[in-house]
Amino acid sequence: MAKFQINATKTGFNFYLVAGNGQTIATSQTYKTLASCKNGIASVMANASAAVEDQTKEGFETIKNPKYELYADKKGEIRFRLKARNGQVICSSEGYAGGVKAALNGISSVAKNAPEAKVVDPEA
C-alpha cells in the first residue's frame with residue numbers, strides 16, 4: 001500500500017509519496033509547519049486525477065489548474081509537477097531518463113496511489 005511519508009527537516013516538513021514497492025513517486029516542497037504539510041498531502045489526494053499538460057510538445061495546449069505539467073529539465077530528463085487549483089506546485093517527480101512514457105507512468109502511479117495512501121506522521 002502506498003504512503004505519504006512526512007519528514008521533519010531543519011526548516012520545517014516535507015513529504016514523499018511512496019508506492020507499495022518502496023519507490024518514491026513524488027516529493028513536496030518544504031513546509032514551515034506540520035499542519036501545512038498535511039494540507040499539501042490533502043491537496044495531492046484531492047487533485048491526483050488532474051489532466052496532463054504536456055509541455056514537451058511544441059505548441060502544447062495550456063489547461064487550467066489543477067493539472068500535471070510534463071516538462072524537460074535542464075539535463076533533458078522528463079519530469080512532472082502537480083499544481084493545485086491556485087497554481088501552487090504541490091508535488092513533483094524525479095527526472096525520468098526513460099522519457100515521456102516513464103513520466104506518464106509516474107503520473108498514473110500518483111493518480112492511482114495518492115487518494116488511498118496512508119499518512120505516516122513523524123510524530124506518530
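Where is the place of Q29? I looked this up first in what is a predicted model, and I found Q29 in the loop between β3, residues 24–27, and α1, residues 34–47.

**Entry: Q29**

I noted that Q29 has a relative accessibility of 41%, so I class it as partly exposed. Setting aside residues up to four places away in sequence, I found that Q29 touches F13, N14 and V89. I also looked up I90, which is 61 residues from Q29 in sequence, while the C-alpha atoms of the two are 7.2 Å apart in space.

**Entry: aromatic rings**

I searched the whole structure for aromatic pairs and obtained four. For F15 and Y31 I read a distance of 6.3 Å between the ring centres and an angle of 15° between the planes, so I recorded this pair as stacked. F15 belongs to strand β2, residues 13–18, whereas Y31 sits in the loop between β3 and α1, so the pair ties together parts that are 16 residues apart in sequence. Buried or exposed, I asked of F15 and Y31? I found that F15 is buried and that Y31 is buried as well.

I then took F80 and Y96, whose ring centres are 6.4 Å apart and whose planes stand at 20°, so that pair is stacked too. Here F80 comes from strand β6, residues 78–83, and Y96 from the loop between β7 (89–92) and α2 (100–113), so this pair also ties together parts that are 16 residues apart in sequence. I checked the accessibility of both partners: F80 counts as buried because its relative accessibility is 0%, and Y96 is buried with a relative accessible area of 12%.

I further noted that F4, F15 and Y31 form one aromatic cluster. Turning to a charge and a ring, I found R81 over the face of Y71, at 3.9 Å from the ring centre.

**Entry: D73**

I located D73 in the loop between β5, residues 67–72, and β6. D73 counts as buried, because its relative accessibility is 16% and the cut-off for buried is under 20%. With which side chain does the side chain of D73 make a polar contact? I found the side chain of R79 as its partner, at 2.7 Å. Leaving aside neighbours within four places in sequence, I listed R79 and G95 as the residues in contact with D73.

**Entry: nonpolar core**

I looked up the largest nonpolar core and counted 30 residues in it, with F4, F15, V44, Y68 and V110 having the most contacts inside it. At least two residues of this core are supplied by each of β1 (3–8), β2, β3, α1, β5, β6, β7 and α2, and the largest share, four residues, comes from α1. I followed Y68 further and, without its neighbours within four places in sequence, found it in contact with a list of residues including A48, V52, F80, L82, I107 and V110. F80 thus returns here from the stacked pair with Y96.

**Entry: cysteines**

How many disulfides does a search of the whole structure find? I obtained zero. Why is there no bond at C37? The closest cysteine sulfur to that of C37 is in C91, and at 12 Å it is too far for a bond. I noted as well that C37 counts as buried at 0% relative accessibility, and that C91 is buried with a relative accessible area of 2%.

Conventions:
Residues are numbered from 1 along each chain as its sequence is written. This is a predicted model: local features need pLDDT of at least 70, side-chain atom pairs count only at pLDDT 80 or more; totals for chains, interfaces and linings use all residues. Side-chain values use heavy atoms; hydrogens and water are left out. Buried means under 20% relative accessible area, exposed over 50%, partly exposed in between (1.4 Å probe, protein chains only). Contact means heavy atoms within 4.5 Å. Rings of Phe, Tyr and Trp (its six-membered ring) pair if their centres lie within 6.5 Å; planes under 30 degrees apart count as stacked, over 60 as edge-to-face and the rest as tilted. A charge sits over a ring if NZ of Lys or CZ of Arg is within 6 Å of the ring centre and within 35 degrees of the ring normal. A polar contact is a pair of N or O atoms within 3.5 Å; within protein, one must be able to donate a hydrogen and the other to accept it, and residues adjacent in sequence count only if both atoms are side-chain atoms. A nonpolar core is a set of buried Ala, Val, Leu, Ile, Met, Phe, Trp, Tyr and Cys residues joined through side-chain atoms within 4.5 Å. A disulfide is a pair of cysteine sulfur atoms within 2.5 Å.
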